[in-house]
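I set out to look up how charged side chains pair in this structure. These entries record what I found, in the order in which I looked.

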Amino acid sequence: MGKFSVKETNTGVKFSLKAGNGEVIATSEVYASEKACMNGIESVRTNCVAEVEDQTVEGYAELKHPKFEVYTDKAGEFRFRLKARNGEIIAVSEGYKAKASCLNGIESVKKNAPDAQVVKE
């Protein structure tokens, strides 16, 4: 079972969603307060049922928010970001060499986020 790991940074509080094996699936921005971070976690839980917009294919169909966006970064790696209903980015992934691995990451968010416990690091 996955977990949301909440951690204080020098500038605020952020979370990482980890799979059952401890691997980080997605991370958040740095929030100004723990309360805002907890709201971000709830937003991931609410919005993780979103569809996937694959921006790596030509002429992709633009989906409404909430959505997962799959894209390639400057290094040519595949990444995803989860956007809430209001269009704000609430979680981002690491870079993946293969698109299939990136899509597996999205499936892992969908599977783990709804029931993940919150743990303060």
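Which residues are linked in a network of salt bridges? I worked from a predicted model, and I found Glu53, Lys67, Glu69, Arg81 and Lys83 linked in such a network. I then counted the salt bridges of the structure and noted 9.

**Entry: glutamate 53 and lysine 67.** I looked up this pair and found that the two side chains meet in a salt bridge, at 2.8 Å from N to O. The pair links distant parts of the chain, 14 residues apart: glutamate 53 belongs to strand β4 (residues 51-54) and lysine 67 to strand β5. I recorded both glutamate 53 and lysine 67 as buried.

**Entry: surroundings of lysine 67.** I placed lysine 67 in strand β5, which covers residues 67-72. Is lysine 67 buried or exposed? Its relative accessible area is 3%, so I entered lysine 67 as buried, the limit being under 20%. I next listed what lysine 67 touches, leaving out residues up to four places away in sequence: Ala50, Glu51, Glu53, Glu62, Arg81, Leu82 and Lys83. Among these, Glu53, Arg81 and Lys83 also appear with Lys67 in the network of salt bridges. I also noted a backbone atom beside this side chain: the oxygen of leucine 63 lies 3.1 Å from a polar atom of the lysine 67 side chain.

**Entry: glutamate 69 and lysine 83.** I found a salt bridge between glutamate 69 and lysine 83, with 3.4 Å between the closest N and O atoms. This pair, too, links distant parts of the chain, with glutamate 69 in strand β5, lysine 83 in strand β6 (residues 78-83) and their positions 14 residues apart. Both glutamate 69 and lysine 83 are buried.

**Entry: lysine 97 and glutamate 77.** I turned to one further salt bridge, in which the closest N and O atoms of lysine 97 and glutamate 77 are 2.9 Å apart. I located lysine 97 in the loop between β7 (89-92) and α2 (99-112), and glutamate 77 in the loop between β5 and β6; the two are 20 residues apart, and the pair links distant parts of the chain. Which of the two partners is buried and which is exposed? Lysine 97 has a relative accessible area of 73%, which is over 50%, and therefore I entered lysine 97 as exposed. Glutamate 77 has a relative accessible area of 18%, which is under 20%, so I entered glutamate 77 as buried.

Methods: Residues are numbered from 1 along each chain as its sequence is written. This is a predicted model: local features need pLDDT of at least 70, side-chain atom pairs count only at pLDDT 80 or more; totals for chains, interfaces and linings use all residues. Side-chain values use heavy atoms; hydrogens and water are left out. Helices (H or I, at least four residues) and strands (E, at least two) are DSSP runs, numbered from the N terminus. Buried means under 20% relative accessible area, exposed over 50%, partly exposed in between (1.4 Å probe, protein chains only). A polar contact is a pair of N or O atoms within 3.5 Å; within protein, one must be able to donate a hydrogen and the other to accept it, and residues adjacent in sequence count only if both atoms are side-chain atoms. Contact means heavy atoms within 4.5 Å. A salt bridge is a side-chain nitrogen of Lys or Arg within 4 Å of a carboxyl oxygen of Asp or Glu.
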